Amino acid sequence: MNGTVIAGTNNLFTVECEDGVTRNCTIKGKVLKSEKTFYNPLAPGDQVQIEIDPINDEKGQVLSLSPRKNTFLRWNVKGRCPQLLASNLDYLILVTTPDEPPFRPRFIDRALCQAEHQGITPIVVCNKFDLAEQMQTDGRLSEYEEIEKRLNIWQDLGYKVLKISAKTGEGMPEFANLLEGKLSAFVGQSGVGKSSLINVLDNTCVLKTGSLSKKYGRGSHTTTKGTLIHLSINEALTDGIKGVKANIIDTPGIRRFVLDDIEADDLALYFREFENLVGKCNFGMSCTHITEPGCRIKEAVENGEITPERYDSWKRIRNEIKTGSWED
């Protein structure tokens, strides 16, 4: 029988089966054939084949995994192997905030690189945008302008950017319309409000939301494992249209996003505005794009084709890969 992985850890997975029954399943033989070893063998969104337990109809065993359309993953530092977060996605929703927790554009740049590497369409969602607007009246105009600048940079590169607020409802109808009929994974640091967004999108969901650490301005992990959730979109967001559905994979908050399977020398290939310039420098593919004369990427920064912000972000992430020292 075919089924969809809803959630799971170790060797116990919740599988929604085609007969309408959701079963707790283990992996037969505890091993699935794969070209690489993962921290977790299955992720929400995976399509699997199971056999039903002959004694208990609510249990089963996973026999095989269908080929994946795509996967979103990160390097798990503790486990020293890649960790699957979600599979078979239409969209990767990268959730950030202007404040509470603080705006961290390099987290988004890393996640955009991983999405480009995996061939997944990313969407940048700036939640709590009411806090950005409050910055203008609180004498924090320079911070507000920097956030707007970063969001505009991503938008100018062709990424869809939404400014929304789960608290005020700003931008939520457009967000709901985007998600309709799709499978999307919400990814972001702890405290950015992923669960709050889901609670607003479907007011029958009551996901636990967390508070921020007063000392560090960081959120706590209220979602402990990735889970696929079927949403019935709130009619207030659909002009009263009933029955609008969306599928969301709510992933645990990530404090430190470490790239998987991207070498430092290949990083430029996953910065959208760098990609077409790679190999065109005087030193060809040997160019590090740092000190060499005749570097097309450095020239593009000088003439405004590449923003200094993205070039600086690329250099910092490249150094993180080379040194193995990653920032939050």
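Colleague: How many bridges join strand β8 to strand β9, and what makes them count as paired?

Modeller: This is a predicted model, and in it 6 bridges join β8 (residues 91-96) to β9 (residues 121-126), with the two strands running parallel. Pairing takes at least two bridges, so these strands count as paired. Within that pair, Leu-94 stands opposite Val-124 of β9.

Colleague: Which strands are called edge strands here, and why?

Modeller: First, the sheet itself: it's open, has 6 strands in the order β10-β9-β8-β11-β13-β12, and its pairing is mixed. β10 (160-163) and β12 (227-232) each pair on one side only, and they are the edge strands. From one strand to the next, the twist averages 25 degrees.

Colleague: What makes you say that helix α1 lies across β8, and at what angle does it run?

Modeller: Contact means heavy atoms within 4.5 Å, so that's the test behind saying that α1 (residues 105-118) lies across β8, β9 and β11 (183-188). It runs at about 175 degrees to β8. Angles go from 0 to 180 degrees between N-to-C directions, so about 175 degrees means α1 and β8 point in nearly opposite directions. Helix α3 (residues 141-156) packs on the sheet too, touching β9 and β10.

Colleague: How many cavities turn up, and what is the volume of the second largest?

Modeller: Searching the whole structure gives 2 cavities of 30 Å³ or more. The second largest has a volume of about 50 Å³. Its lining includes Val-95, Phe-107 and Arg-104, and β8 and α1 each supply at least two of the lining residues.

Colleague: How does that lining divide into nonpolar, polar and charged residues?

Modeller: There are 6 nonpolar, 3 polar and 1 charged. Arg counts as charged, so Arg-104 is the charged one.

Definitions and conventions: Residues numbered from 1 in each chain as written. Predicted model: local features only at pLDDT ≥ 70, side-chain atom pairs only at ≥ 80, totals over all residues. Heavy atoms only, no water. Helix = DSSP H or I, 4+ residues; strand = E, 2+ residues; numbered from the N terminus. 1 Å grid on protein atoms, 1.4 Å probe; cavity = no way out; pocket = protein on both sides within 12 Å on 5 of 7 lines; lining within 4 Å. Points joined across faces, edges and corners; volume = space filled by probe spheres on them.
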